[in-house]
Amino acid sequence: MKIGTDYLGDGVCKFTVWGPNLATVSLEIISPQGRLLPMQQLGEYWQFTGRDITPGTQYLYLLNNSESRPDPASHFQPLDVHGPSQVINHSFGWSDHSWSGVPLETMIIYELHVGTFTPEGTFRAIIPRLPDLRELGINAIELMPVAQFPGERNWGYDGVYPFAVHNSYGSPDQLKQLVDACHQQGIAVILDVVYNHFGPEGNYTSRFAPYLTETYRTPWGSAINFDHAYSYNVRQFFLQNAIYWLTEFHIDALRLDAIHAIYDLGAKHFLAELAENVAVLSAQQGRKLYLIAESDLNDPRIIRPPELGGYGIDAQWSDDFHHSLYSLLTGDRTGYYEDFGLCEHLVKAYQDSFVYDWQYSHYRQRYHGNNPSDRPPSQFIVYSQNHDQIGNRVLGERLSQLVDFDSLKLAAGIVLLSPYIPLLFMGEEYGEQSPFIYFISHSDPHLIQAVKQGRKQEFSGFYAQGEPPPPESNNTFNLCKLNWEKRQAGQHQILLSFYQKLIEIRRENISLLQSARENLEIAFHEDKKLILWCKSSENNQIFCAMNFHNYQVSFTQNFTSNNWVKVLDSAATKWLGRGSQLPDQVKLQQELTLPQQSFVVYQKSTP
């Protein structure tokens, strides 16, 4: 059954809620005029269709004549996670009828948090910024979770109403306006969704039905019931949620948070069933809709097609790539970074996607991962920064606060010239220096204290002496807001132009978009902290040398011809570098001296 509310027009609305073990359920109309309406039991569901129920009507469900609760499939919570749900009319005047989407392999993704991306922190406030992102070269934005969470400030991973747009960000219509505006700019929209847990405050799902199981435990408590008794309708709840975002809001892709915490030992994993449903919807709509997983498993089965025994998810994040790059740039070996830190690791990430593909991990104290070599690079998302990798630090420092300007340029080059799909975290492109600290606004002080202790325990390997800023403080939240004016001047403007140049090179060089792994040749010199790679296609070749050392290094490179020209030199003074003596055109055998913390790109020109 279609759960939640279904507004049919002319004041007629259907209500459906799952409650297999409830004796009675009544619909409690709160406004505009109070009414109590008994619901009819249909198998495990309860349903009511009534008149004189218009959009904006607020309601609760009265369970067993004893407690009133919001709708687990609420489409909007106008007050908070504890208050009534609201009937929504999803009719909307879309103008994206000719929109066909952005192919996954060509995406340049920009992750943003709605509340801190602009001073206003709303969907509407993002729209005027879209031309800036488009000018940068962004063709996909990824919204951190927008489902209703407690309070007004949150990363979004404490959501408890997966169908409801968070009220402090705006209304459902305002999210649709943002998506429509993105499509007019040629920008796809990826939405981060959380199917591995509910947040700790305002989660009343267990009062309705067995949504949770004690068979497994997650870092957030009880696991969602994907494979135990009554699991069929739990799965339907989340399958419908995915289809809801893709249809009602024209979302182009879903990013599935921490799928390693989706526990399902059934013969058909929930992710495989989800991929099947989205594939059917893609065929119906005539455009490809994507699923992107965040996973800590290094398991290529997630992105293998069903005919090869996989789940059929389209792509997944590669934390190994980030950890290799970050540890090489910063020298940090705390926490999980103890498994990384050599050029060898970054080269393996470039070449094989995973560093740990059944290698022994000293951090995990076990063997980890599996070989993904049968999967093309276009199925992996890579980054030098994201919300987790910044926010897992005590003070939430960005890379711009940890390394110098030359290293920021080097990090940009590694990500944007990689064989994979690049992701930028908001503000990275101009060297934003505001932190991105974990923040919440729960109402229960005991819960706030538990969250503090839980985070400290989870990331104890990263914590030095001292305490992080209080996550419940409004000041902590405000510290994280972007300073957009910085991108207009000084080194911030230079870095922004540098990112634009890199994206232009990526877009114009066919070889960089080639998905075959054999098109990449890569080598490294650990003592020099030097990485050299060449990517080729039938009519295009590009060569890059990257120096991670704090002094210049020299090497001899054998080129295939004399018609190689320099297209980017990060050490050039125009990019506020130290200056470079690298030639604009190279010989067949050329000795090159690469300044410290820099890289150079040569392209084979057409004779």
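The legends below describe close-up views of a predicted protein model.

**Figure 1. The whole protein, with 15 helices and 31 strands.** The radius of gyration of the protein is 25 Å, close to the 25 Å that the globule rule gives for 607 residues, so the protein is as compact as a globular protein of that length. Its C-alpha trace spans about 85 × 55 × 50 Å along the principal axes. Of the 607 residues, 62% are buried. Among contacts with a separation of 6 or more, 71% are between residues 24 or more positions apart. The accessible surface comes to about 23200 Å², and carbon and sulfur atoms hold 47% of that area.

**Figure 2. The span that UniProt annotates as a domain.** An unreviewed UniProt entry places the feature "domain: Glycosyl hydrolase family 13 catalytic" at residues 86-455. Helix makes up 31% of this span and strand 16%. The C-alpha atoms at the two ends of the span lie 33 Å apart.

**Figure 3. Asp257 and Glu294, the residues covered by the UniProt annotation "active site" (unreviewed entry).** The two residues are spread over 38 residues of sequence, yet they cluster in space, with a largest C-alpha distance of 5.3 Å. Asp257 is found in the loop between β17 (253-256) and α7, and Glu294 in the loop between β18 (290-293) and β19 (315-317). Asp257 has a relative accessible area of 6% and is buried. Glu294 also counts as buried, at 9% relative accessibility.

**Figure 4. The surroundings of Asp257 and Glu294.** Leaving aside neighbours within four places in sequence, Asp257 is in contact with Tyr157, Asp192, Val193, Val194, Asn196 and Glu294. With residues up to four places away in sequence again not counted, Glu294 touches residues including Arg255, Asp257, His260, Trp317 and Asp388. Asp257 and Glu294 also belong to a network of salt bridges, together with Glu142, Asp192 and Arg255.

**Figure 5. A salt bridge between Arg235 and Glu273.** A search of the whole structure finds 28 salt bridges. In the one shown here, the side chains of Arg235 and Glu273 meet at 2.9 Å, N to O. Arg235 lies in helix α6 (residues 231-248) and Glu273 in helix α7 (residues 270-285), so the pair ties together parts that are 38 residues apart in sequence. Are these two charged residues buried or exposed? Arg235 has 9% relative accessibility and counts as buried. Glu273, at 15%, counts as buried too.

**Figure 6. A salt bridge between Arg393 and Asp332.** The side chains of Arg393 and Asp332 meet at 3.5 Å, N to O. Arg393 is in the loop between α10 (387-391) and α11, and Asp332 is in the loop between α8 and α9, so the pair ties together parts that are 61 residues apart in sequence. Arg393 counts as partly exposed, at 22% relative accessibility. Asp332 is buried, with a relative accessible area of 13%.

**Figure 7. A salt bridge between Lys566 and Asp584.** The side chains of this pair meet at 3.7 Å, N to O. Lys566 is in strand β28 (residues 564-569), while Asp584 is in the loop between β28 and β29 (585-586), 18 residues apart. Lys566 is partly exposed, with a relative accessible area of 22%. Asp584 counts as exposed, at 57% relative accessibility.

**Figure 8. Helix α9 and the elements that cover it.** Why is helix α9 described as largely enclosed by the rest of the structure? Seven of the 10 residues of this helix (residues 343-352) are buried, so the helix is largely enclosed. The buried residues are Cys343, His345, Leu346, Val347, Lys348, Ala349 and Tyr350. Their cover includes the helices α8 (319-330) and α11 (405-416). Strands β20 (359-361), β24 (520-525), β25 (530-537) and β26 (540-547) are also part of this cover. Just after α9, Ser353 takes a positive phi of about 75°.

**Figure 9. A nonpolar surface patch made by Trp358, Tyr360 and Tyr367.** The patch has an area of about 360 Å². Tyr360 lies in strand β20, one of the elements covering the buried residues of α9. With a relative accessible area of 36%, Tyr360 is partly exposed.

How values were computed. Residues numbered from 1 in each chain as written. Predicted model: local features only at pLDDT ≥ 70, side-chain atom pairs only at ≥ 80, totals over all residues. Heavy atoms only, no water. UniProt positions renumbered as here; feature names shortened; annotations may be inferred. Helix = DSSP H or I, 4+ residues; strand = E, 2+ residues; numbered from the N terminus. Buried < 20%, exposed > 50% of the residue type's maximum accessible area, 1.4 Å probe, protein only. Contact = heavy atoms within 4.5 Å. Patch = residues over 30% accessible without salt bridge, like charges linked within 9 Å, V, L, I, M, F, W, Y side chains within 5 Å. Areas by Shrake-Rupley, 256 points an atom, 1.4 Å probe, with all protein chains shown as cover. Salt bridge = Lys/Arg side-chain N within 4 Å of Asp/Glu carboxyl O. Rg over C-alpha atoms; globule rule 2.2 N^0.38 Å.
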